[in-house]
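Dear colleague,

Please find below the structure that I am handing over to you. My notes on what was found in it follow directly after.

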Amino acid sequence: MPEDVPTAVPKGAPETAPRGAPSFVRAGHFTRHAALAFVAGALMGAVYWALSVPSPAPPLLGLTGLAGIVAGERIITAVRDRRSRRRAESSAADSTPTSQEPTHDSA
């Protein structure tokens with residue numbers, strides 16, 4: 001690694017999160033990302049309106065269905081991950097030997 005590249009995490013950098021978490025979860029700023037996406041979409045909608053061009057976006061009913069698909073996927077993934085963590089924790093607890101009092105040999 002070159003010497004001029006800083007190795008310390010810069011101030012305001014995202015904190016670490018559980019393995020496999022998306023970057024927006026790691027940063028903990030989902031709301032900020034969602035608001036930015038909404039504002040960008042609203043601006044593009046204004047541009048389409050100003051140019052009198054129909055927007056290529058699907059109707060609201062289609063967008064609602066897409067939101068349901070994403071929510072269902074996230075819920076199932078969260079439930080599956082929680083179950084696998086519980087199984088891993090219970091199997092780790094089952095495999096740990098029980099503590100026994102040490103025996104003192106008096107010779």
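Confidence is the place to begin, as this is a predicted model. Among the elements of the protein chain, helix α2 has the highest mean pLDDT, at 90, while helix α1, covering residues 23–27, has the lowest, at 54. Over residues 5–9 the pLDDT falls below 50, and in the model this stretch has one contact beyond near neighbours in sequence. Where pLDDT is low, the predicted coordinates should not be read in detail. For the protein chain as a whole, the mean pLDDT is 76, and 63% of the residues reach 70 or more.

The overall architecture may be stated briefly. The protein chain contains three helices and zero strands, in the order α-α-α from the N terminus on. Of its 107 residues, 1% count as buried. The chain exposes about 10200 Å², and carbon and sulfur atoms supply 63% of that area.

Helix α2 deserves a separate paragraph. This helix comprises residues 30–50. Its 21 residues should span 30 Å at 1.5 Å a residue, and the C-alpha atoms at its ends are indeed 30 Å apart, so the expected and modelled values agree.

Two residues of this helix may be of interest to you. Met 44 is located in α2 and has a relative accessible area of 43%, so this residue is classed as partly exposed, between the limits of 20% and 50%. Met 44 also belongs to a nonpolar patch on the surface, together with Val 47, Leu 51 and Val 53; the four residues have about 350 Å² of accessible area together. Gly 45 likewise lies in helix α2 and is partly exposed, with a relative accessible area of 36%. The C-alpha atom of Gly 45 is separated by 9.4 Å from that of Ala 57, a residue 12 positions away along the chain.

What follows helix α2, and what is the sign of its phi? The residue is Ser 52, with a positive phi near 55°. Ser 52 has this positive value although it is not a glycine. Ser 52 is placed in the loop between α2 and α3, the latter being residues 60–95. Its relative accessibility is 66%, which is over the 50% limit, and therefore Ser 52 counts as exposed.

With kind regards

Methods. Residues are numbered from 1 along each chain as its sequence is written. This is a predicted model: local features need pLDDT of at least 70, side-chain atom pairs count only at pLDDT 80 or more; totals for chains, interfaces and linings use all residues. Side-chain values use heavy atoms; hydrogens and water are left out. Helices (H or I, at least four residues) and strands (E, at least two) are DSSP runs, numbered from the N terminus. Buried means under 20% relative accessible area, exposed over 50%, partly exposed in between (1.4 Å probe, protein chains only). Accessible areas come from the Shrake-Rupley method with a 1.4 Å probe; for residues, only the protein chains shown count as cover. Patches are made of residues with over 30% relative accessible area and no salt bridge: like charges are joined within 9 Å, nonpolar side chains (Val, Leu, Ile, Met, Phe, Trp, Tyr) within 5 Å. A salt bridge is a side-chain nitrogen of Lys or Arg within 4 Å of a carboxyl oxygen of Asp or Glu. The expected span of a helix is 1.5 Å times one less than its number of residues. pLDDT is the predictor's confidence in each residue, from 0 to 100. Contact means heavy atoms within 4.5 Å.
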